[in-house]
Amino acid sequence: MCKVSVIMPSLNVAAYIGKSLESVMGQTLQDLEILCIDAGSADGTLEIIETLARKDSRIKVIRSDRKSYGYQVNLGMERAQGEYIGIVETDDYIDSGMYETLYESAASAGFPDLVKCGYKAYWTARDGKTVFKERRLSEDPAFYGKTVKPADVPFLATEDWYLWSGIYKKSVVDRKGIRLSESPGAAFQDIGFLHRTNAAAESAVYLDDCLYNYCIDREGSSSNSGRELGYSYYEFHALMQEGWDERTERSLYIRMAKSFVCCCRTFDEKRIADAAFGEQYGWFVDRLREAAAKGQSGTDSLPPGIRKRLQVLLNNPDEVYKQYLHDHRHMLGGTGKFVIFGCGDRGLAAFRALCQRQCVVFAFMDNDARLWGSRLEGIPVLKPQVCVEEDVRYMIANEAHFDKIEEQLLGLGIKKEEIGIFW
């Protein structure tokens with residue numbers, strides 16, 4: 001038995017697999033096994049893995065007969081011999097001390113059921129440089145380093161969304177029969193795994209170290225596919241067939257609400273007319289309304305912006321589409337120059353969307369004075385103000401406070417028709 005079994009499912013990631021696998025091979029924790037499960041790559045991925053396997057006996061190459069991320073991870077779990085299981089997605093990479101830090105933290109805490117750290121989202125900026133942004137589960141330092149029971153921490157349902165930044169005790173995963181859904185492709189199967197794990201775990205330790213590097217701009221990723229709602233539907237539909245106690249069911253609805261909001265950020269005529277989308281959309285609306293009627297929705301635990309957007313989405317899809325068109329009217333029209341209000345994830349997403357439409361973004365704005373005078377994607381970050389440029393449109397890209405920011409812009413004298421909201 002080794003300390004950690006690292007599962008690495010792959011399919012046509014030749015541009016990334018070398019760096020990803022070498023980051024695991026180079027871990028300061030040497031007592032680990034590396035299970036590479038390839039699902040029939042045709043771009044040279046498997047050949048790269050096999051070449052590296054000849055250099056490191058800890059690498060075991062496993063060929064999957066199914067193109068399913070969930071099936072591949074489950075196959076790895078069946079073969080794993082470690083005390084803990086870790087998962088690294090093969091278009092990402094990890095810091096050299098990640099598994100040593102996680103395992104030593106587990107040992108110090110009496111070997112809890114799981115240990116998780118934060119991560120760094122990264123992408124390639126317009127100038128070709130790699131940009132990193134740290135992401136943690138909580139802004140409260142007191143949350144980290146102590147042993148807790150995940151089911152007793154309500155905000156994990158909205159913040160703990162990634163399985164790859166942690167290690168999970170193999171004996172618990174096996175005893176509880178926790179596995180990923182085996183739907184085709186690589187899409188959102190971690191939803192079910194995380195909910196089942198957090199429900200089953202009696203003990204967990206969370207660290208504020210950001211040790212996993214997560215690529216957010218790879219073309220073809222499930223999060224950028226336009227089919228997110230269908231993937232989410234599959235996961236939650238399966239979870240709803242399982243029996244949960246009242247507290248865990250409430251957590252399930254909270255997770256469902258956030259996923260619904262995140263999967264409905266874009267609308268167009270084709271999507272609205274699609275029968276499958278309408279059926280899936282209606283299923284989420286019905287389930288979340290039923291939860292609210294039972295007092296189980298847990299919407300008070302959602303971040304304010306998610307809660308506000310959810311109220312919009314619980315309307316008829318046609319009405320939601322009209323609201324979407326109104327909020328995005330300037331971006332969809334592709335006219336004029338844009339100022340993006342918000343320098344977080346939504347601001348970056350708005351920037352990429354506007355660039356794809358050949359729009360001109362000449363400034364960011366933010367209420368965080370520490371950002372004023374800096375640059376994001378090579379573009380200046382300004383304090384909130386009226387810009388003197390002609391034909392300026394203001395796109396609000398802040399999920400938590402979009403309504404307050406709109407009031408702020410109106411208070412500066414900016415006309416309402418010049419303001420849009422990026423979902």
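1. Nonpolar cores. In this predicted model, the largest nonpolar core holds 65 residues. The members that touch the most others are Val4, Leu21, Ile34, Met77, Tyr99, Leu163 and Tyr206. Strand β10, residues 204-215, supplies the largest share of this core, with seven residues. A second core, separate from that one, comprises 50 residues, and Cys264, Phe277, Cys387 and Ile396 are among them.

2. Surroundings of Leu163. Which residues are in contact with Leu163, once its neighbours within four places in sequence are left aside? They are Tyr69, Ile87, Lys116, Tyr168, Leu180, Asp190, Phe193 and Leu194. This list includes the charged residues Lys116 and Asp190 alongside residues such as Ile87 and Phe193. Leu163 is also one of the residues that touch the most other members of the largest core.

3. Salt-bridge network. The model contains 24 salt bridges. Glu78, Lys170, Asp174 and Arg179 are joined by such bridges into a network. Within this group, Asp174 pairs with Arg179, and their closest N and O atoms lie 3.1 Å apart. Is each partner of this pair buried, partly exposed or exposed? Asp174 has a relative accessible area of 34% and is therefore partly exposed, whereas Arg179, at 18% relative accessibility, counts as buried.

4. The bridge between Glu242 and Arg196. In this salt bridge the closest N and O atoms are 2.8 Å apart. Glu242 belongs to the loop between α8 (228-239) and α9 (246-263), while Arg196 sits in helix α7 (residues 190-200), so the pair ties together parts that are 46 residues apart in sequence. As for accessibility, Glu242 is partly exposed at 30% relative accessible area, and Arg196 is buried at 13%.

5. The bridge between Arg370 and Asp368. The side chains of these two residues meet in a salt bridge with an N to O distance of 2.9 Å. Arg370 is exposed, its relative accessible area being 74%. Asp368, by contrast, is partly exposed, with a value of 23%.

6. Lys322. Where is Lys322 placed? The residue is in helix α13, which spans residues 317-327. Lys322 has a relative accessible area of 53% and is therefore classed as exposed. A separation of 10.0 Å is found between the C-alpha atoms of Lys322 and Asp268, and these two residues are 54 positions apart along the chain.

7. Cysteines. How many disulfides does the model contain? The count is zero. For Cys117, the closest cysteine sulfur is that of Cys210, at 7.4 Å, which is too far for a bond; the cut-off for a disulfide is 2.5 Å between sulfur atoms. Cys117 counts as buried, at 4% relative accessibility. Cys343 is likewise in no disulfide, since the nearest cysteine sulfur, in Cys387, is 13 Å away. Cys343 is buried, with a relative accessible area of 6%. Cys387 itself is included in the second nonpolar core.

Key. Residues numbered from 1 in each chain as written. Predicted model: local features only at pLDDT ≥ 70, side-chain atom pairs only at ≥ 80, totals over all residues. Heavy atoms only, no water. Salt bridge = Lys/Arg side-chain N within 4 Å of Asp/Glu carboxyl O. Buried < 20%, exposed > 50% of the residue type's maximum accessible area, 1.4 Å probe, protein only. Helix = DSSP H or I, 4+ residues; strand = E, 2+ residues; numbered from the N terminus. Core = buried A, V, L, I, M, F, W, Y, C linked by side-chain atoms within 4.5 Å. Contact = heavy atoms within 4.5 Å.
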